[in-house]
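Reader: I would love a close look at a single part of this model, with the cut-offs spelled out as you go. Could you pick one helix and walk me through its surroundings?

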Amino acid sequence: MSHDIDQRMVLDAYEKIHEHGEAKQGKHVLNEITASTDHDGYRVYLEGCKVKLTVNFHSSYNLEYESEHDLDRFLRRLEDISKDYHKPGRNE
């Protein structure tokens, strides 16, 4: 099944997870979403809510999930991270 996702929002959420999340074994975790990248930075990996998202360098992506409910929850969580962690002076 094909889904259009807002890659700008996804990458913004990745950056905020990396900046504000807890570092664990080379990955960062925030609001139950784990973010990491490959060794050269060409791929971004986000996991949580039973969903795995890989964003490639040239704006292609791959989603792995079992249910639409899991995907919706995952995308909402990324949207929340993207919106909530941009405020100047936020101490998290």
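Author: Happy to; here is a walk around helix H2 and its partners. The model is predicted, so a word on the rules: local features need pLDDT of at least 70 and side-chain atom pairs count only at pLDDT 80 or more, while totals for chains, interfaces and linings use all residues. Residues are numbered from 1 along each chain as its sequence is written, and side-chain values use heavy atoms, with hydrogens and water left out.

Helix H2 covers residues 68–84, 17 residues in number, and its first and last C-alpha atoms are 24 Å apart, close to the 24 Å expected at 1.5 Å a residue. That expected span is 1.5 Å times one less than the number of residues. Helices here are DSSP runs (H or I, at least four residues) and strands likewise (E, at least two), numbered from the N terminus.

Buried means under 20% relative accessible area, exposed over 50%, and partly exposed in between, with a 1.4 Å probe and protein chains only. In H2 the buried residues are Asp70, Leu71, Phe74, Leu75, Leu78, Ile81 and Ser82. They sit on the same side of H2 because their arc around the axis is only 125 degrees, taken from the directions from the helix axis to the C-beta atoms. On the face turned away from that buried side you will find the exposed residues His69 and Lys83.

What lies over the buried residues? The cover includes helix H1 (7–20) and strands S2 (27–30), S3 (33–37), S4 (43–48), S5 (51–56) and S6 (61–65).

Two of the H2 residues also stand out in the largest nonpolar core (buried Ala, Val, Leu, Ile, Met, Phe, Trp, Tyr and Cys residues joined through side-chain atoms within 4.5 Å). Of its 22 residues, Phe74 and Leu78 are among those touching the most other members, along with Val10, Ile17, Ile33, Leu46 and Leu53. H1, S3, S4, S5 and H2 each give this core at least two residues. Ile33 has contacts (heavy atoms within 4.5 Å) that include Phe74, Arg77, Leu78 and Ile81, leaving aside residues up to four places away in sequence.

Arg77 has a second role to look at: its side chain meets that of Glu32 in a salt bridge at 3.2 Å, N to O. This pair links distant parts of the chain, with Arg77 in helix H2 and Glu32 in the loop between S2 and S3, 45 residues apart. A salt bridge needs a side-chain nitrogen of Lys or Arg within 4 Å of a carboxyl oxygen of Asp or Glu. Arg77 is partly exposed at 23% relative accessibility, whereas Glu32 is exposed at 62%.
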